[in-house]
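Here are my notes on this structure, written as a set of numbered points. Keep the structure open beside you and find each residue as we go.

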Amino acid sequence: KPDMIGMIIPDITNPFFPAVVRGAEDVAFSNGYRLILCNTDNDHSKELAHLNKLRPYLPAGLIVIPSSFSDLTTQVESYRKVGTGVVCVDRLPKNWTGDSVTADNEEGAYRATQSLLQLGHVRLAAIAGPLHLTNAKQRLDGFKRAIREARLHLGPEYIHETTFDKHGGYSKALLLLRLIPRPTAIFAGNDMIALGVLLAIRTAGLRCPQDVSLIGFDDLELAETTNPSLSSVSQSGYQLGKTAALTLVERIQGDTSPAKHVVLGTSLNLRDSVAGPHKDSSAAK
């Protein structure tokens with residue numbers, strides 16, 4: 001019987017994903033399966049190539065963190081026909097009806113934004129991840145919901161979309177910091193974007209949180225070690241991977257119940273990168 005589980009992830013250099021892989025691998029190994037890892041570089045054509053190459057090996061199951069919102073239905077159907085279980089993690093492809101494990105992205109971002117509003121910030125900005133990814137879109141939706149409920153109006157120039165990495169955060173934050181009036185708080189779509197924002201704040205000769213407060217998403221280990229330490233929405237990558245692998249092992253062992261959509265809760269860790277707006281921060285520098 002096949003003893004291999006394929007796992008397809010978007011970017012091995014993003015520090016969030018190794019924890020997801022680790023959670024999946026621990027469960028796979030303890031159930032007698034080997035985990036084979038494929039990296040897509042967030043490229044849908046590379047993802048399809050991996051899916052096609054894995055098929056002849058008849059993996060017992062597949063765990064996929066999709067590279068984009070693209071439809072994976074045809075590829076996945078051909079796996080399902082031969083009895084291979086498939087679970088999507090962290091993000092969902094278009095029209096996905098199978099098993100999935102995601103974090104409550106919208107609620108996490110909503111609570112983070114609310115915390116900034118409660119501190120008295122009224123000029124907020126957001127740098128979202130790529131909006132063709134469901135998790136990036138849900139986080140921006142949470143930010144917008146909090147802004148709407150606070151009856152604030154944000155011009156479109158205060159919301160940017162970028163890649164989920166430091167470079168993306170840096171370049172978009174430089175644009176935001178040049179705005180008049182300048183935002184006093186920024187919500188970053190993930191911690192890698194937030195790292196770029198921190199760098200941009202320094203480059204612009206500003207201080208965090210005195211001039212600009214900052215909250216990220218993921219709560220990577222490095223969040224505690226940045227200067228200032230980074231406030232972030234915490235989601236457990238390990239739990240995502242572990243839950244996906246447990247769901248998959250149950251399927252491999254004959255579970256035929258309807259598709260499971262597990263949504264894991266998040267929590268907010270406020271650290272030194274957040275404070276109330278500075279009295280004179282309204283003056284554009």
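1. Why is there no bond between the sulfur of C38 and the closest cysteine sulfur? The closest cysteine sulfur belongs to C88 and sits 14 Å away, which is too far for a bond. Turn the question around and C88 gives a matching reply: its closest cysteine sulfur is the one in C38, 14 Å off and again too far. A disulfide is a covalent bond between the sulfur atoms of two cysteines. By the rule used here, the count of disulfides comes to 0. Have a look at the surroundings of both residues too: C38 is buried, with a relative accessible area of 8%, and C88 is buried as well, at 1%.

2. A word on confidence before going further. This is a predicted model, and the mean pLDDT of the protein chain is 94. Of the residues in the chain, 98% reach 70 or more. One stretch to treat with care is residues 281–285, where pLDDT stays under 50. For that stretch the model has 11 contacts beyond four places in sequence.

3. Next, try helix α2, which covers residues 44–54. Which of its residues are buried? They are E47, L51 and L54. If you look down the axis of α2, these buried residues fall within an arc of 70°, so they line one face of the helix. The general idea is worth remembering: an α-helix has 3.6 residues a turn, so residues three or four places apart point the same way. As for partners, the buried residues of α2 pack against three strands, β1 (4–9), β2 (34–39) and β3 (61–64), and against helix α3 (73–81).

4. Helix α3 can be read in a similar manner. Q75, V76 and Y79 are buried there. Viewed down the helix axis, the buried residues of α3 keep within an arc of 90°, so they line one face. On the other side of α3 you will find T74 and K81, which are exposed. The cover over the buried residues of α3 includes α2, β3 and β4 (85–89). Just after the helix, look for G83, which follows α3 and has a positive phi, near 90°.

5. Now for the nonpolar interior. In soluble globular proteins, nonpolar side chains tend to be buried together. Here the largest nonpolar core has 43 residues, and those with the most contacts inside it are F143, I186, V197 and L214. Elements that each supply at least two residues of this core include α4 (105–118), β6 (124–128), α5 (134–149) and β9 (213–218). Helix α7 gives the largest share, 6 residues. To see how one member is surrounded, select I186: leaving out residues up to four places away in sequence, I186 touches A125, I127, L176, L177, V197, V212, S213, L214 and I215. Another core lies apart from this one and has 27 residues, among them M7, F17, A28 and L220.

6. Finally, the charged pairs. By the rule used here, the count of salt bridges comes to 16. A simple one to start with joins D26 and R22, whose closest N and O atoms are 3.0 Å apart. Both residues lie in helix α1 (residues 17–30), 4 residues apart, about one turn of the helix. D26 is partly exposed at 24% relative accessibility, and R22 is partly exposed at 48%.

7. How many residues apart in helix α4 are E107 and R111? They are 4 residues apart, or about one helical turn, and their side chains meet in a salt bridge (4.0 Å, N to O). E107 is partly exposed at 26% relative accessibility, while R111 is partly exposed at 33%. E107 also forms a salt bridge with R145, with the closest N and O atoms 3.0 Å apart. R145 lies in helix α5 and E107 in helix α4, so this pair ties together parts that are 38 residues apart in sequence.

8. To finish, find a group rather than a pair. D99, E250, R251, D255 and K260 are linked in a network of salt bridges. Try selecting these residues together and tracing the links between them.

Terms used: Residues numbered from 1 in each chain as written. Predicted model: local features only at pLDDT ≥ 70, side-chain atom pairs only at ≥ 80, totals over all residues. Heavy atoms only, no water. Buried < 20%, exposed > 50% of the residue type's maximum accessible area, 1.4 Å probe, protein only. Arc of directions from axis to C-beta. Contact = heavy atoms within 4.5 Å. Disulfide = S-S within 2.5 Å. pLDDT = per-residue confidence, 0-100. Core = buried A, V, L, I, M, F, W, Y, C linked by side-chain atoms within 4.5 Å.
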